Amino acid sequence: MYVDLVLPLALPKPTYTYSVPEGLRAQVQVGLRVEAPLGKSKLYSGIILKIHDEKPAYPTKDILSVLDTVTIVTELQLGLWVWLSEYYCCSLGEVMMAALPAHLRLNSETKLVFNPGYGDDFSELDSEAYLLAEALLLQQEFTLETVRKILNKKTVFPVVQQLLTKGVLFLREDLREKYKPMKQTAVRLGAALEENPDALKLVFEQLDRSERQLEMLMAYLHLSKTTPQVYKSALLEKAGVGESTLKTMIKKGIFALHQVEISRIAGYDAEMLEAGALSAAQQTAVTSIQTAFETKNTVLLQGVTGSGKTRVYLELIRTVVARGGQVLYLLPEIALTTQLTQRLQRILGDQIAVYHSKIGFQERVELWRSAFEGKPVLMGPRSALFLPFKNLELIIVDEEHDGSFKQQEPAPRYHARDTAVYLAHVYGAKVLLGTATPSLESYHNAQLGKYGYVRLDARFGGLSLPEMRLVDLKDQQKKRQMEGVFSHILLETMRETLARKEQIILFQNRRGYAPMLSCTICGWNAICKDCDVSLTFHKFSNQLRCHYCGYRMEPPVVCPACGSGKLQMLGFGTEKIEDELKLHFPDARLARMDLDTAGTRSSLSKLLRALEGRELDILVGTQMVTKGFDFEHVGMVGVVGADQLVGFPDFRAGERAFQVLTQVAGRSGRKHKQGLVLIQAYNPAHPVLQEVLRGDFEGFAARELAERQAFFYPPFSRLIALQVRHKDAQTAAAAAAYLGKILRERFGKGLLGPVLPQITRVRTYYRQDLMLKLEKSGPVLQGAKRFLTEQIQLLLSQPGFALVHVVLDVDPV
């Protein structure tokens, strides 16, 4: 008996064949993990893809043990793995590394760490596990290779698996803080008053002489009738008194504080979910989607920001769950995933679970098992596609246009939206793509009739979309009405907004203080030592940083080239904007939302709580502020510089700019009144900016699609991007030229390049880009991928090219 194994390595062969010893033959089945040797001393846990009796032409090694008693990966999942491997031109091992959590792909180099929370009582363990736990207690951390030496045997994975399951140890990769739900302080009546509401009369009599405390109690009673939770910040604002008054009333037992888990995104929709009623437009959308699903497997739902798409999703989820099906709900960001779960749990209870890379080992094991057993609703980012479903009927891809759905590094470089469509085909499920700004590929498929198409054109409750205005920076400069990076119009509008006690978001898609430090005498620029890119100055940490490799250094006092002290900062980022705002609005409460200030879960949650609790007046942010958040009291959004969005040298620049500007505009005025959006630009006549101003998606899509058709870009063609990398610039150029010559002979004008990318060196590797344009034909695409794979292997076999790295990206974004 032989088994074909998928090993968690980027190997040229898709699978490797091993023989099965007599004693293990009854245990093996497709989808189980086995312990297998590779090379002289390495051990890996591999997945059985096939069981057969065909002896290979080479001598085989035996598998050492079977690690599971139940299937870890179903045959349908393995089918998805094979498709991903073939479509995105990567190895099955790379797919396995992306698909399986770390604890399910052990190898000799895996590091084991003792869990101090377990204690030192190992009496429940068998002799081998006891010996290993004792050794780990003393040494705290070692590799699986060390385990083999301690136990003096080859087959050690089952023992390690036992200790993992019992919680005696962690894997080094699993030592991550769990994602904490966002909480806000709320106020309720003291225990005595909750039990006896009539006692409130006595409290009113007692507070007759304390005007502030009486105002606080009246404000609480008013808020408690209009909102499900009375938040501390809202109560203090309503009462118009200080926190000391609240503390006094807490001491008297009139009030008590407690922490409440709150939903960060679409608080607007949260009210609708609690109310439970669909608007007429939402009911029409639900009916239209269900009708479309009768003839189409995929439906695109285009709904303006604030239209209540989540409420529509919920209705469809309820229908599927009621008939015993499973729903996969995909979101582009982990932060959005966990926050949305809190809201949906109020409706679906324990029927919903969230899966992502930040949850702990035990939870991941439980979730994996519960998905296999039929958990009704599973939510997560793109990695949730790899869960083992039992009866998948519906996949919802929310914010389907978002670039975060595309995996960039490492392989497989898959797109979650497109993979979801294939996964639905495997399970016989339906796909709903939801967004306010569809990707042109999805919109084109809807126009062709490949996808169903449903629209939600009005905000829930009849609220107007924000008013959009463009500010001509050239005109402002001529009139000398620019103050730093701000126009007079922007500053005046901000002052008016703050006077109305409303909040402001300013968007600038560049973090740091200044993107370049330059010498005015000799022209020297601060460049990263490992990348050909200028270092960005970060004022808060007083460092120059590379945003590609993480290299950092202190800024020089004098020019290292000529010794001059005349160094200047060029350009501006979110830090500089924040700095200048402090001069213009000294009394305003300011914060930044970028990778520096909101790079961790706790810091992001803290920022969002502060904005929700009205502890901030102005938030300056990068693209993070466009990610589906809903801020109730934001009256104005300002885009500091829109030109860099529309002027980026990429055929998708216009599409991205339209999506980002429309999404960031949607953060304004979502709940109680119409908001205002000001967009600063040197070229306000740019067609994309004019289309954003009008909210004209159809006009934008028609113009953009016509341009793409004329120049043979997606969705009218398929793209395959190739990047040749090497630590020597000449070798990279020679390898790219060699590959380009061969590909041009086969594809002619369909090949673009090789050319130097915008940034020619990243992390010490020089890079050369090639792009292949192909007609939209399955056989043509398959033939091209086969040819490319063969030619890349031939390239690597040429003298001097063995260490060249070729990255192949199918359908790049």
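User: In which sense do strand β6 and strand β7 pair?

Analyst: The model is predicted: local features need pLDDT of at least 70, side-chain atom pairs count only at pLDDT 80 or more, and totals for chains, interfaces and linings use all residues. Residues are numbered from 1 along each chain as its sequence is written, and side-chain values use heavy atoms, with hydrogens and water left out. Helices (H or I, at least four residues) and strands (E, at least two) are DSSP runs numbered from the N terminus, and two strands pair if DSSP finds at least two bridges between them. Three bridges link β6 (residues 111-114) with β7 (residues 141-143), and the sense of this pairing is antiparallel.

User: Which residue in β8 is the bridge partner of Val 113?

Analyst: Strand β6 is also joined to strand β8 (residues 169-171), by three bridges in an antiparallel arrangement. On the β7 side, Leu 112 has Phe 142 as its bridge partner. On the β8 side, the partner of Val 113 is Phe 170.

User: Which are the edge strands of the sheet that holds β6?

Analyst: The three strands form an open, antiparallel sheet in the order β7-β6-β8. Neighbouring strands in this sheet are turned against each other by 30 degrees on average, direction ignored; for such angles, axes are lines fitted to C-alpha atoms, for helices over the stretch in contact, and values run from 0 to 180 degrees between N-to-C directions. The strands that pair on one side only are β7 and β8.

User: What angle does the direction of helix α4 make with that of β7?

Analyst: Helix α4 (residues 144-151) packs on this sheet and touches both β6 and β7, where contact means heavy atoms within 4.5 Å. Its direction makes with that of β7 an angle of about 90 degrees.

User: Which strands stand at the edges of the sheet of six strands?

Analyst: This open sheet has parallel pairing and the order β19-β31-β30-β22-β29-β28. Each edge strand has a single partner, so one of its sides is left without a neighbour in the sheet. The two edge strands are β19 (467-472) and β28 (590-593).

User: Which residue in β31 is the bridge partner of Val 471?

Analyst: Strands β19 and β31 (residues 676-681) run parallel and are joined by six bridges. Across this pair, Val 471 has as its partner Gln 680.

User: At what angle to β30 does helix α23 run?

Analyst: Helix α23 (residues 653-665) lies across four strands, namely β19, β22 (503-507), β30 (634-639) and β31. Relative to β30, the helix runs at about 155 degrees.

User: How are α17 and α25 oriented to each other, roughly parallel or roughly perpendicular?

Analyst: The axes of α17 (residues 440-448) and α25 (residues 697-710) come within 11 Å and cross at roughly 95 degrees. Contact residues include Leu 440 and Tyr 443 of α17, and Phe 697 and Arg 708 of α25. Angles under 35 degrees count as roughly parallel, over 145 as roughly antiparallel, 65 to 115 as roughly perpendicular and the rest as oblique. The two helices are therefore roughly perpendicular.

User: How many bridges join β32 to β35?

Analyst: Strand β35 (residues 765-774) takes part in several pairings, among them three bridges with the antiparallel strand β33 (residues 751-755). In that pairing, Val 755 has Asp 769 as its bridge partner. Strand β32 (residues 718-726) also runs antiparallel to β35, with Val 724 opposite Gln 768. The number of bridges joining β32 to β35 is nine.

User: Which residue takes a positive phi in the hairpin of β34 and β35?

Analyst: Two bridges join β34 (residues 761-762) to β35, and the strands run antiparallel. Most residues other than glycine have a negative phi, and most peptide bonds are trans. Two residues lie between these strands, and the one with a positive phi, near 55 degrees, is Arg 763.

User: What is omega for the peptide bond from Pro 714 to Pro 715?

Analyst: Pro 715 lies in the loop between α25 and β32. The peptide bond that leads to Pro 715 from Pro 714 is cis, with omega near 15 degrees.

User: Where is Pro 412 found?

Analyst: A cis peptide bond, with omega of about 5 degrees, joins Ala 411 to Pro 412. Pro 412 is found in the loop between β16 (392-398) and α16 (416-427).
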